[in-house]
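Q: Can we go through this model together? I'd like to take the helices, the strands and the chain contacts in turn.

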Amino acid sequence: MAKETGAREGLKGWLNPGKIGKFGIERLAWLLMRLTGLGLLAYFIGHIYETSHILDGKAVWDKSLEMTQTTEGHLFLALVIGMCVFHTGNGIRLMVAQMGYGLGKAERPDYPYKPQSINMKGKACIYATLGMAALAMWYGMAVMFA
Amino acid sequence: MATLHPKLSEELSQTTVSSTQSIKLKIKRSNPNVNSDEKYDEFVVPIEKWTTVLDALLDVKSHLDHSVGIRYSCRQASCGSCGMKINGKPGLACFTKISELNSDTITIEPMDNYPVVRDLAVNFDRMINNHKKVMPYVIREDSEIDAESGVREFLQSPENVEKYIQFSSCIKCGLCNSACPTMAMDKSFVGPQALAQAYRYIADTRDQGKNKRLKIIDESHGIWRCHFAGSCSQVCPKGVDPAMGIQLLRGYLLGIRD
Amino acid sequence: MMILRESIIMKIHYGTAIGALFLTVIHIMMRMTQDFHESLEYENVIANYESVGYALLLELLLILISVHGFNGLRVILLEMNQGPIYEKVVTYGCLAGMAALIAYGSRTIIMTNMGMV
């Protein structure tokens with residue numbers, strides 16, 4: 001009877017960048033969706049805490065705002081903007097796919113057995129989402145550093 | 001640590017090799033029933049333009065090291081026995097030509113996410129159990145064909161067949177489960193193979209077990225732990241496209257499909 | 001405690017995502033009604049909170065994002081490890097985190113809206 005040890009890849013199966021080369025941009029989108037989701041949740045918790053300083057008066061509010069008004073603060077916020085745009089865009093792509101759109105038509109497979117669901121439409125959406133995230137980051141930095 | 005394995009005998013290859021090409025095979029060796037040691041053995045084998053990974057492995061077994069443990073059968077991508085990780089990507093050894101890998105060294109390892117039996121052979125119990133869980137057969141109350149019931153055959157139009165025939169091509173090779181990122185961590189996940197087969201039967205107009213199967217997969221380690229990474233479809237050797245089946249299956253649970 | 005089917009939970013997950021998207025767009029656009037840095041000044045922020053409509057928007061946004069975020073965290077944690085006790089701890093832990101965050105954020109919104117600053 002085979003032993004169960006080492007049966008699953010574990011976190012290596014999630015975080016190994018070599019997987020993206022082997023399995024394509026969809027795998028990168030899957031990984032980024034997780035990472036941006038966790039990042040946004042962490043940011044959200046910090047944001048709720050930070051905005052609660054409004055209850056402590058103007059002096060405390062202004063002091064807490066100083067942290068975000070630094071170069072590092074602006075860069076961090078730009079990253080948050082990028083994460084938000086990517087997570088949203090990719091989330092919409094996934095919801096549309098789960099409704100059955102853009103997957104291709106089920107039909108008798110033939111050599112070379114290329115999967116219909118992994119198509120240019122999906123890849124284009126992922127690249128477009130990455131592009132929009134970069135654009136949003138650039139716009140955010142333009143506003144913040146103005 | 002990799003070791004170059006010396007030729008065990010001076011016997012000639014049974015086939016006359018005209019090619020001067022050869023490649024290095026790096027095969028992962030392990031025997032979990034004995035100990036947890038793992039190592040890579042290297043073998044140099046001659047190849048032709050048409051040599052598959054399985055051909056090269058059988059060459060190693062025949063002439064260099066008889067003890068290499070591999071599972072194979074049909075040699076024509078019909079049985080699904082020879083699934084393994086080839087240069088980091090799951091694939092059927094009989095269906096992967098060495099010339100298409102564009103590499104002088106071919107690293108061959110057992111499939112991920114399965115317990116290893118020995119060397120390149122893995123245990124399929126979990127996949128088979130998950131497959132059985134989704135009831136992979138036509139469920140129908142009036143399945144008894146007799147003179148009284150008047151039922152002679154269950155008719156299907158060609159259009160109805162096209163809806164599920166793709167997913168019936170599954171040869172249970174397990175490559176999809178090996179590639180799936182959720183399977184890498186979640187030992188309770190049903191897996192893309194079982195989910196695609198669930199869709200195959202639900203989409204079959206002869207089947208009446210849709211609600212039973214949907215109830216089985218609508219749980220915390222069922223269909224909802226798929227996030228459309230698409231790796232399963234990337235590696236499927238028969239064009240089953242499990243990712244498509246799973247997304248279409250979700251439509252039933254989201255109330256978009258009847 | 002009522003146990004929800006996973007499909008219901010995921011419908012909530014998708015619904016909160018769509019809702020949060022619209023409300024976040026409005027929330028960010030509010031920063032664009034003035035110069036960005038000016039919109040973050042104490043008096044302007046208080047004025048935003050004191051508007052009942054905007055306070056309701058923030059409250060709804062808080063609930064939607066908390067539900068969506070903590071459910072996402074629950075999904076990731078459930079995939080990382082399995083077991084009956086672990087899964088109960090993760091599920092109830094995420095619910096507790098969600099409730100705590102909503103409570104804490106609501107405190108800010110309600111107190112500021114009522115002028116208790």
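A: Helices (H or I, at least four residues) and strands (E, at least two) are DSSP runs, numbered from the N terminus. This is a predicted model, in which local features need pLDDT of at least 70, side-chain atom pairs count only at pLDDT 80 or more, and totals for chains, interfaces and linings use all residues. Residues are numbered from 1 along each chain as its sequence is written, chains are lettered from A and ligands numbered from 1 in the order in which they are written, and side-chain values use heavy atoms, with hydrogens and water left out.

Q: OK, where is Gly82(A) found?

A: Gly82(A) lies in helix H5 of chain A, residues 71-98.

Q: Buried or exposed?

A: Gly82(A) counts as buried because its relative accessibility is 6%. Buried means under 20% relative accessible area, exposed over 50%, partly exposed in between (1.4 Å probe, protein chains only).

Q: And what is Gly82(A) in contact with, leaving aside neighbours within four places in sequence?

A: Ala133(A) and Met137(A). Contact means heavy atoms within 4.5 Å. The C-alpha atoms of Gly82(A) and Ala134(A) are 6.2 Å apart, while the two residues are separated by 52 residues along the chain.

Q: Switching to chain B. Why is strand S6 largely enclosed?

A: Strand S6(B), residues 105-109, has 4 of its 5 residues buried, so the rest of the structure largely encloses it.

Q: Which way does S2(B) run relative to S6(B), parallel or antiparallel?

A: Strand S2(B), residues 22-30, runs parallel to S6(B), with 4 bridges joining them. Two strands pair if DSSP finds at least two bridges between them. Lys24(B) has Thr105(B) of S6(B) as its bridge partner.

Q: What about S4(B) and S6(B)?

A: Strand S4(B), residues 83-86, is antiparallel to S6(B) and joined to it by 2 bridges. There, Lys85(B) is bridged to Glu109(B) of S6(B).

Q: Now the interfaces. How many residues of chain B are in contact with chain A?

A: 53 residues of chain B, with 39 residues of chain A on the other side. The buried area is about 3800 Å², and carbon and sulfur atoms give 57% of that. Buried area is the accessible area (1.4 Å probe) that two parts lose on being put together, summed over both.

Q: How many salt bridges between chain B and chain A?

A: The count is 1: Glu162(B) with Arg108(A), whose closest N and O atoms are 3.6 Å apart. A salt bridge is a side-chain nitrogen of Lys or Arg within 4 Å of a carboxyl oxygen of Asp or Glu.

Q: Which element gives the largest share of the side of chain B that touches chain A?

A: H9(B), with 6 residues.

Q: And chain C against chain B, how much area is buried?

A: About 1300 Å², of which 54% comes from carbon and sulfur atoms. On the chain C side, Glu6(C), Glu79(C) and Gln82(C) supply 44% of the area that chain C buries against chain B, more than any other three residues. In contact terms, 13 residues of chain C meet 15 residues of chain B.

Q: How many salt bridges across chain C and chain B?

A: The rule finds 3. One of them joins the side chains of Arg225(B) and Glu6(C), at 3.0 Å, N to O. Helix H1 (6-31) and helix H4 (52-80) of chain C each supply at least two residues of the side that touches chain B, and H1(C) gives the largest share of that side, 5 residues.
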